Amino acid sequence: MNVEVAGTAAPKLDGPLKLAVPRGALLEGTLDVLDAAGIDTAAVRGESRALIFPSERITLVTMRPSDVPTYVEAGAADVGITGKDVLLEQSDRLVYELLDLGYGRCRMVLAGRKGDERLGEAQRRLGMTRIATKYPRIAERHFEATGRQVETIEVKGSVELAPLTGLADGIVDLVATGRTLEENELEVREEIVECTARFVANRVAHKLRAAEIDELMAKLRGAVAR
Amino acid sequence: MIHPIPPGTRDILPDEMRELRRLHLALIEVFEARGYGEVATPAIEYDEVLARGDGRTADSAYRFFDERGDLLALRSDMTVPIARLVAGRYAGAETPLRFCYLANAYRAVRPQRGQMREFAQAGVELIGAPAPDGTVEVVQVLEAALDAAGLDRAVIGLGDADLFRQLLSELDAPEEARAAILGRLATHDLVGLEAELGEAGIGDEQVATCVALSQLRGGREVLEQARAIGGGAVERATARIGETYEALEARGAAGRVQVDLGLLRDLGYYSGAILEVYDPALGHVLGGGGRYDGLLQRFGVDLPAAGFALYLERVHVAQMEEEPSREEGS
């Protein structure tokens, strides 16, 4: 892994530092931490539908959390914040994971229908479990590491639907409060890994903009330590 | 009608080829002018011979059988084939030997986001010149190559491949944990690094030292900061880097060199100095190199060696991306 091969993506590393900010569940916590680190986030919090929020020292670029490694790896953003779940699923992306920011804590779990032995039954009698997930690589690694065979079914929308309709025996998904599982008569069977927000950097930016990135990292570390 | 070509490969059409050719010629001219003679070796070699140089590239090698049932592989770089060539054709020759090349290499990586499976490399190998002088010469050739390519903003990272290996044995990290720790260091996964070091039974203070060391990068002051951290492994590594850096400074060639104690390259054969090349216009590494004093020995010739390789396509992209900033500057 991590073999270097000639690539052709060519974004710029000049101008103010570009920070990829995750929209969605991590947005609120991210903006709070950025505020605490002395970075003005008022524009992002406003009604604007813009995606890029420039300022003198740092430009905030908002995007889906799962796109953050893509932009940071290519250098289209110098640094970024995203969930560990995203980094685990895209572990072949070459980004430097510099800091555990601690917020956005949730668990990657294997879940099945309440009171239903379908999960174990399928493994025992069919030698294979069908798992619906948005995280096929995390699911495959988990089953491989525990010596079981798995058929992952990648879905884009509500994963909970899969075991309820018989598409899959169980699901691998990210759980924050567990309410969605509860409402769909699903329960946690196994915990796979705990995930929090992480600060990541492009490897060239980490070298060429060392002072700026180190300074930002120190501020973020201070902000989450409070 | 579209007939497919394998993923990770591509055709080059005249407009691009013309520019690539100009870059080829400029680089080879720089190398030849400094006494590096161009060589070519076969793209296919016996797998056993390549694996002798670097067992780890085996992960991503293209392999196949020939009609006699021998296992062949496509080269994944030029350093190992040139080590093979020196052992076979230049045994006992007067050293140092200087070679340059411009060649395609092959790695069976997942072809995505512009990562190619077939890619062109241009580089040099300096065989029989020990550190620091040999390293200094290679860095200066690299600087001349970047100048010839017009990348005057490019930066060369200078690190030491043995620093963390020695540090881990100094800290008595268990043998079986070291590969995982070095892996975390190479990818700068600091969160994972702390976890791995903790699991290996390294004390909190020393964990903090390791993490801090891996983040030290910048000018000459970085060496002082590292020395302040102390310890035999750090002392030796900073002495090695310092020697090279000072020799470069004395020749006025340290301006674009960044000292980087966190630098680790994936290839298994590096020892001592390691190099990486960056340009502010590009988010990917342009190339790399360093010393591999133990590599030739694996082929039966005990000679120190150093070299570098630039990814030609990436240098070309950087050239194009640098055009606006050059126009602003002029």
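pLDDT is the predictor's confidence in each residue, from 0 to 100. What you have here is a predicted model, and chain B has a mean pLDDT of 91, with 95% of its residues at 70 or more. For the complex, the predictor gives an ipTM of 0.88 and a pTM of 0.89. One general caution: where pLDDT is low, don't read the predicted coordinates in detail. Below is a quick tour of the domains, the helix packing in chain B and a few backbone oddities.

**How chain B splits up**

- Chain B comes as domain 1 (21-160 + 269-330) and domain 2 (162-264).
- Measuring between C-alpha centres, domain 1 of chain B and domain 2 of chain B sit 24 Å apart.
- Where they touch, domain 1 of chain B puts in 19 residues and domain 2 of chain B puts in 20 residues.
- On the domain 1 side of that contact in chain B, the elements giving two or more residues are helix 4, strand 7 (155-160) and strand 10 (273-278).
- Strand 7 of chain B gives the most to that side, with 6 residues.
- Sorted by class, the side of domain 1 of chain B that touches domain 2 of chain B has 10 nonpolar, 6 polar and 3 charged residues.

**How chain A splits up**

- Chain A also has a two-part division, into domain 1 (17-105 + 196-225) and domain 2 (106-194).
- The C-alpha centres of domain 1 of chain A and domain 2 of chain A are 30 Å apart.
- The contact here pairs 5 residues of domain 1 of chain A with 8 residues of domain 2 of chain A.
- On the side of domain 1 of chain A that touches domain 2 of chain A, the split is 1 nonpolar, 1 polar and 3 charged.

**Helix 4 of chain B and its partners**

- Helix 4 (residues 133-148) of chain B packs on helix 10 (residues 232-250) of chain B at an angle of about 55°, with axes 9 Å apart.
- That angle makes helix 4 of chain B oblique to helix 10 of chain B, and their crossing is right-handed.
- From helix 4 of chain B, the residues in this contact are Thr135(B), Val136(B) and Val139(B), and they meet Thr244(B), Ala247(B) and Leu248(B) of helix 10 of chain B.
- The residues of that helix 4 and helix 10 contact in chain B break down into 4 nonpolar, 2 polar and no charged.
- Helix 4 of chain B also packs with helix 1 (residues 14-33) of chain B: their axes come within 9 Å and cross at roughly 150°.
- At that angle, helix 1 of chain B and helix 4 of chain B are therefore roughly antiparallel, the cut-off being over 145 degrees.
- The crossing of helix 1 and helix 4 of chain B is right-handed.
- Helix 1 of chain B brings Ala26(B), Leu27(B), Val30(B) and Phe31(B) to the contact, while helix 4 of chain B brings Val141(B), Ala144(B), Ala145(B) and Ala148(B).
- By class, the contact of helix 1 with helix 4 of chain B has 8 nonpolar residues, no polar and no charged.

**The helix 6 and helix 7 pair of chain B**

- Helix 6 (residues 175-186) and helix 7 (residues 190-199) of chain B pack at about 160°, with their axes 9 Å apart.
- Helix 6 and helix 7 of chain B are therefore roughly antiparallel to each other, and helix 6 of chain B passes helix 7 of chain B in a left-handed crossing.
- Ala177(B), Ala180(B), Ile181(B), Arg184(B) and Leu185(B) of helix 6 of chain B meet Gly192(B), Leu193(B), Glu196(B), Leu197(B) and Glu199(B) of helix 7 of chain B.
- The residues of this helix 6 and helix 7 contact in chain B come out as 6 nonpolar, 1 polar and 3 charged.

**Backbone spots to look at**

- Thr95(B) and Pro96(B) are joined by a cis peptide bond, with omega near 0°.
- You'll find Pro96(B) in the loop between helix 3 (79-89) and strand 5 (97-106) of chain B.
- Another cis peptide bond links Ala131(B) to Pro132(B), with omega at about -5°.
- Pro132(B) is in the loop between strand 6 (118-127) and helix 4 of chain B.
- Over in chain A, Glu185(A) is not a glycine, yet has a positive phi of about 60°.
- Glu185(A) falls in the loop between helix 8 (179-183) and strand 10 (186-195) of chain A.

Note on methods
Residues are numbered from 1 along each chain as its sequence is written. Chains are lettered from A and ligands numbered from 1 in the order in which they are written. This is a predicted model: local features need pLDDT of at least 70, side-chain atom pairs count only at pLDDT 80 or more; totals for chains, interfaces and linings use all residues. Axes are lines fitted to C-alpha atoms, for helices over the stretch in contact, and angles run from 0 to 180 degrees between N-to-C directions. Helices (H or I, at least four residues) and strands (E, at least two) are DSSP runs, numbered from the N terminus. Angles under 35 degrees count as roughly parallel, over 145 as roughly antiparallel, 65 to 115 as roughly perpendicular and the rest as oblique. A crossing is left-handed if the near helix is turned anticlockwise from the far one by less than a right angle, and right-handed if clockwise. Two residues are in contact if their C-beta atoms, placed from the backbone, lie within 7 Å. Ala, Val, Leu, Ile, Met, Phe, Trp, Tyr, Cys and Pro count as nonpolar, Asp, Glu, Lys and Arg as charged, and the others, Gly among them, as polar. Domain bounds come from an automatic or database domain assignment.
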